[in-house]
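Subject: Structure for you to look over

Dear colleague,

I am passing on the structure we spoke about, and below it you will find what turned up when the backbone and the interior were examined. Please read the notes with the structure open beside them.

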Amino acid sequence: MPRTGPVIGVLGSYGGRNLGDEAILTGLLADVWARRPDARIVVFSRDPAHTLATHPGVLAEPWEGVSRNDSGAILDRLDLLLLGGGGILYDSEARRYLRLVLSAQERGLPVCTYAVGAGPLTESLDCTMVQETLSAAVEVTVRDSESRLLVEELGVTRPVTVTADPAMLLEPEPFPADLLHEEGIRPAGRLVGISVREPGRAAVQLDVDGYHRLLAQVGDFLVTRLDADVVFVPMEHDDIRHSHGVLSHMVAAARGRILHNSYRPRQLLGLMRHFDLAVGMRLHFVMFAAMAGVPLLPLPYAGKVFDFAQRIGAPTLRGVEREVEGPLLAEVDRLWDERDKRVADTAERVAELRRRATATGELIGPVLTGLNTC
């Protein structure tokens, strides 16, 4: 179908080559196009060339470092702006996104938030901008209860609906065994997926060397306990360095591999089905493991991972922050022993989250339907 319909802008943390953010965008685009196949979608991206290459059918525009006049010219072409999804409303970062949202609203452009994540929010400028822009939005949806409580406490007057991350809408692509062979991985034996991350602004409490050593103990335990190979799955480029940091402390480092090739979000979801167990820090690694039915131990370094772990009934042990290996290794051991029961329980909760993820599009559906066609 020719896309000659309304022009919809999508603003989020896109183009940064983070597979979690790209998974969010993949789910969002599919959902919007399912409801408005004729829509022309403009993605505000850190790297428009990358966005154009990885998301066929979209238009892409830069927004960081762009003058107010230039960004205004782009906004003037739009019929609707979607903010999100993903965890973009937090201290010092929220204001960057919301300046564009505020400019859109000053032009009378309708704005909807799309399963956005919020927090931590303590800085007055960010808090004020969240309160003002979300109160003026047409629809406000957030991806977790923690985000709803936070924006309501800030005084957002619009009804706030908890849905779920749009990455929950994805279906896997096949990940054949020959791709594992290319990575030097033996697909015949047991495999455990591990996700690590840099401390960054979302995990400033982490001591890098301490958590590298802790996860190395987890990796060695998995090799010994399960006779498994461990596969480190980078969700963005800097994860490769931290994976090497963990691997350097492992006694059984020869049983570890780090993925180095580039993959699409749906491919990584397909990869998860090769794993017998998953231990992870990155939210979307944890999410993909849950969706694939893999026994899962999240390591909640931040509220968003903690909230998701609670929603799927997974353990919420904060072992990485405390750098205490005993409880963490005991939980890994328990997970393996109880894996069948836990997988069944997680599957029911994942099905509910997938239903919730469709609710975002259902809420903004009337807005999309009401947009004029050129």
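Strands, as the word is used here, are DSSP runs of E at least two residues long, and they are numbered from the N terminus. Please keep in mind throughout that this is a predicted model.

Let me begin with the backbone. Most residues other than glycine have a negative phi, and most peptide bonds are trans. Against that background, Ala115, which lies in strand S5, has a phi near 50°, a positive value in a residue other than glycine. Asp227 also has a positive phi, near 50°, and this residue sits in the loop between helix H8 (208-226) and strand S9 (228-232). As for their surroundings, Ala115 has a relative accessible area of 0% and is therefore buried, since buried means under 20%, whereas Asp227, at 51% relative accessibility, counts as exposed because the cut-off for that class is over 50%.

Two peptide bonds also deserve a look. The bond from Gly84 to Gly85 is cis, with omega near -5°, and Gly85 belongs to strand S4, which covers residues 80-89. The bond from Gly119 to Pro120 is likewise cis, with omega near -5°, and Pro120 is found in the loop that runs between strand S5 (111-118) and helix H5 (124-135).

Turning to the interior, a search of the whole structure finds two cavities of 30 Å³ or more. The largest cavity holds about 90 Å³ of space, and its lining includes Arg143, Asp144, Asp165, Lys304, Asp307 and Arg311, together with nonpolar residues such as Met168 and Phe308. Helix H11 (283-291) and helix H12 (303-311) are the elements that give two or more residues to this lining, and H12 gives the most, with four residues. By class, the lining of the largest cavity divides into six nonpolar, no polar and six charged residues.

The second largest cavity has a volume of about 60 Å³, and among the residues that line it are Val294, Pro295, Leu296, Arg342, Val343 and Thr346. Helix H15, residues 339-370, gives the most to the lining of this second largest cavity, with three residues. Seven nonpolar, two polar and one charged residues make up that lining.

With best wishes

Methods: Residues are numbered from 1 along each chain as its sequence is written. This is a predicted model: local features need pLDDT of at least 70, side-chain atom pairs count only at pLDDT 80 or more; totals for chains, interfaces and linings use all residues. Side-chain values use heavy atoms; hydrogens and water are left out. Buried means under 20% relative accessible area, exposed over 50%, partly exposed in between (1.4 Å probe, protein chains only). On a 1 Å grid over the protein atoms alone, a cavity is a set of points where a 1.4 Å probe fits but cannot get out, and a pocket is an open set with protein on both sides within 12 Å along at least five of seven lines; lining residues have an atom within 4 Å of a point. Grid points are joined across faces, edges and corners, and a volume is the space filled by probe spheres set on the points.
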